[in-house]
Amino acid sequence: MSVSSATTEVVDPVPGAAAPHLPEQPDLVQLLTPEGERVEHPDYSIDVSAEELRDLYRDLVLVRRWDVEATALQRQGELGIWASLLGQEAAQIGAGRALQDGDVAFPTYREHGVAWTRGVDPLHVISLFRGVDNGGWDPVATAFNLYTVVIGAQCLHATGYAMGLQRDGAEHAALAFLGDGATSQGEVNEAMIWAASFSAPVVFFCQNNQYAISVPLERQTRVPLYQRAAGFGFPGVRVDGNDVLAVLAVTRAALAAAREGQGPTFIEAFTYRMGAHTTSDDPTRYRLASELEEWKLRDPIARVKAHLSRSGVADAAFFDSVEAEADELAKRIRTGTVEMPDPPGTAMFDQVYAEQTPPLAAQQAQFEAYQASFEGSEH
Amino acid sequence: MAETLTIGKALNLGLRRAMEDDAKVVLMGEDIGRLGGVFRITDGLQKDFGEDRVVDTPLAEAGILGTAVGLAMRGYRPVCEIQFDGFVFPAYNQIVTQVAKIHARSRGRLAMPIVIRIPFGGGIGAVEHHSESPEAYFAHTPGLKVVAVSNPIDAYWGIQQAIASPDPIVFLEPKRRYWEKAEVDTGATPGPLFASRVVRGGDDVTVLAYGPMVKTALQAAEAAAEEGRSLEVVDLRTISPLDLDLVFDSVRRTGRCVVVHEAPVTLGLGAEIAARVTETCFHSLEAPVLRVGGYDTPYPPSKLEEEYLPDLDRVLDAVDRAMGF
Ligand SMILES: Cc1ncc(C[n+]2csc(CCOP(=O)(O)OP(=O)(O)O)c2C)c(N)n1
Ligand SMILES: [Mg+2]
């Protein structure tokens with residue numbers, strides 16, 4: 001087997017070297033520049049009304065505020081941990097808003113923006129990070145699956161779900177989310193093989209935020225990730241993950257192709273994790289502050305705001321109203337979190353099986369008797 | 001030389017010493033290099049030993065263990081870090097079907113001196129898959145050895161002994177106790193790795209524990225003493241092979257035995273130990289061997305883990321029941 005050096009751009013593997021590590025990306029789909037200028041792309045166009053643009057801006061601002069509030073709540077001891085989406089708002093809102101009724105999303109643990117687009121209550125997401133629930137929301141009613149912490153597992157689930165859609169003749173698609181690090185997992189590669197083999201209506205949406213905790217992209221891949229798709233036999237496309245319009249256009253096209261029976265697509269949303277991996281992480285140990293500064297210039301929200309203002313589609317009153325709405329949301333999240341009741345101890349025995357087994361029922365009875373033995377005592 | 005060390009730091013120094021002693025020792029894992037691991041157990045080792053010996057791997061546990069097998073075949077001694085207990089399962093196939101069996105299948109021609117370090121157990125308020133106790137899966141697999149450390153001294157010596165050992169070892173680290181401290185005499189001669197130890201003498205009930213539950217058992221013994229009850233606490237230390245002679249001696253004296261672990265009780269280590277103690281000490285037993293463990297439910301969300309995990313009160317409750325027979 002030979003590798004064509006004309007199409008394969010080998011990235012110098014420098015673990016831990018100063019980043020941004022990748023050269024200017026050649027095939028990056030972009031429709032809105034970091035300066036907020038609308039540009040055209042030969043393969044992807046998008047027609048968004050003024051109202052849609054304002055809605056996208058609102059989405060972006062609200063999920064960022066939710067995220068900032070959750071980080072603060074964790075710092076104040078109200079959450080066990082929080083996985084911030086800071087910097088990835090456009091990738092998530094763009095992808096989430098590309099979904100239609102009947103499509104189903106399969107997230108990792110960071111897709112709060114996608115959760116938002118599916119109407120999942122932020123407090124339900126927070127309940128997971130507060131340690132109140134292992135699930136948090138209704139995955140069926142929201143068409144937004146439960147978060148998957150075990151890296152990559154959900155890619156196979158999305159593929160299987162897509163195979164089910166295909167069998168049923170349903171013209172819908174599954175959207176699997178994954179990170180750059182996840183692309184190394186065997187299960188993720190198996191998912192892509194299955195998806196290709198059965199031409200399943202699934203789209204793999206990879207947020208390449210440049211890191212898997214501390215490990216930079218070069219440890220996972222020697223070629224740009226979107227080029228991996230070719231090896232599996234389906235199209236791969238790299239989109240500016242900080243450009244909500246481009247992400248929306250690219251994901252819409254991929255989902256439409258999947259629904260029409262053209263099989264899977266791999267989307268690499270090129271972005272950056274602007275915060276720590278989670279609130280437990282200390283990124284100063286493995287990356288330079290200058291890198292973050294550079295990515296701040298490509299902020300996913302600033303460019304939409306610039307575009308909205310410049311094109312006269314939104315005025316100060318609009319921006320103020322979104323701010324006010326964000327403040328309201330933050331307040332609701334804060335109050336709702338602080339007041340969130342702890343589950344009863346017996347909750348752990350619930351729904352372990354469709355019907356509780358006799359041994360487990362006996363164990364629960366023992367548990368209750370044991371708990372009751374403390375009642376009235378000082379314990 | 002005696003130093004006050006946490007379990008985490010003792011592991012770090014033990015790894016360092018093992019790497020100094022044997023150039024074939026290679027550390028592999030996710031985020032273990034530059035970051036020093038999410039628990040900082042490998043802190044500073046990549047800086048001092050280089051990227052060839054402390055390898056930040058791609059994010060793939062099957063890859064970590066599978067390539068460790070190949071490296072072992074080539075004469076290396078891989079020490080694999082699994083970031084959290086719940087993430088060992090992508091590697092489970094390699095561990096169970098390959099690592100565990102190659103020595104026997106090759107009739108001893110191929111050694112598998114692989115150490116699989118796993119921070120295990122709950123109590124840290126984490127989200128799911130970060131609080132599991134998977135020891136029974138491995139102890140149930142012939143060809144693997146399984147040890148669990150409970151204190152800085154065993155951490156320091158145990159990791160070195162495990163690395164020097166010719167067999168594959170699942171090395172369980174009690175993550176919620178990483179910050180517990182003790183004096184470690186790094187010039188001492190360590191006792192054997194595969195041996196249980198009495199960590200508190202007593203006459204009424206023998207309490208067996210390992211890893212994070214040793215501290216809990218000792219706390220229970222302390223509380224019981226105030227009520228005039230004397231518990232003998234054994235740190236099992238080795239889960240496979242089990243080293244029960246000292247347990248049998250103890251149970252023959254006390255007539256009562258309670259086994260404590262965080263893992264669900266059903267088919268946990270306690271089941272095996274209860275069977276063996278019953279088989280060997282039947283005529284000395286005043287009460288059935290009792291088990292205190294996690295409930296047979298998925299590990300609950302962290303708000304409920306205090307109710308799920310065995311604590312001092314649940315150990316004492318079992319002690320009461322054993323005494324009541
Ligand atoms: C199977 C498995 N191994 C290890 C982990 C620990 N872990 C959690 S997130 C993470 C990095 C993931 O990186 P990436 O896929 O790029 O997603 P990102 O966090 O950057 O969004 C790791 C190693 C895990 N959750 N699951
Ligand atoms: Mg990443």
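**Exercise 1. Work out which chains build the site around ligand 1, and what kinds of residues line it.**

Residues from chains A and B surround ligand 1, so the site is shared between chains. Keep in mind that this is a predicted model, where local features need pLDDT of at least 70, side-chain atom pairs count only at pLDDT 80 or more, and totals for chains, interfaces and linings use all residues. Residues are numbered from 1 along each chain as its sequence is written, chains are lettered from A and ligands numbered from 1 in the order in which they are written, and side-chain values use heavy atoms, with hydrogens and water left out.

Step 1: list the neighbours. Ligand 1 has 20 residues around it, and the closest are Y109(A), R110(A), V149(A), G181(A) and E61(B); a residue is near if one of its heavy atoms lies within 4 Å.

Step 2: sort them. The shell comes out as 10 nonpolar, six polar and four charged residues, with Gly counted as polar and Tyr as nonpolar.

**Exercise 2. Find backbone atoms that touch ligand 1, then say how well the protein covers the ligand.**

Step 1: look for polar contacts (pairs of N or O atoms within 3.5 Å). V149(A) puts a backbone N or O atom 2.7 Å from a nitrogen atom of ligand 1. On the oxygen side, a polar backbone atom of A182(A) sits 2.9 Å from an oxygen atom of the ligand, and one of Y211(A) is 2.8 Å from an oxygen atom of ligand 1.

Step 2: check the cover. On its own, ligand 1 has 580 Å² of accessible area, and the protein covers 95% of that (Shrake-Rupley method, 1.4 Å probe).

**Exercise 3. Identify the protein donors of the magnesium ion (ligand 2) and place them in the fold.**

Step 1: pick the donors (N, O and S atoms within 2.8 Å of the metal, or 3.2 Å for Na, K and Ca). They are D180(A) through OD, N209(A) through OD1 and Y211(A) through O, at 2.0 to 2.1 Å.

Step 2: read the spacing along the chain, which is D-x28-N-x1-Y.

Step 3: locate two of them. D180(A) lies in the loop between β3 (174-179) and α7 (186-197) of chain A, and Y211(A) in strand β5 (residues 211-212), so this pair ties together parts 31 residues apart in sequence. Helices here are DSSP runs of H or I with at least four residues, and strands are E runs of at least two.

Step 4: check exposure. Both D180(A) and Y211(A) are buried (under 20% relative accessible area; exposed is over 50%, partly exposed in between; 1.4 Å probe, protein chains only).

Notes: A polar contact is a pair of N or O atoms within 3.5 Å; within protein, one must be able to donate a hydrogen and the other to accept it, and residues adjacent in sequence count only if both atoms are side-chain atoms.
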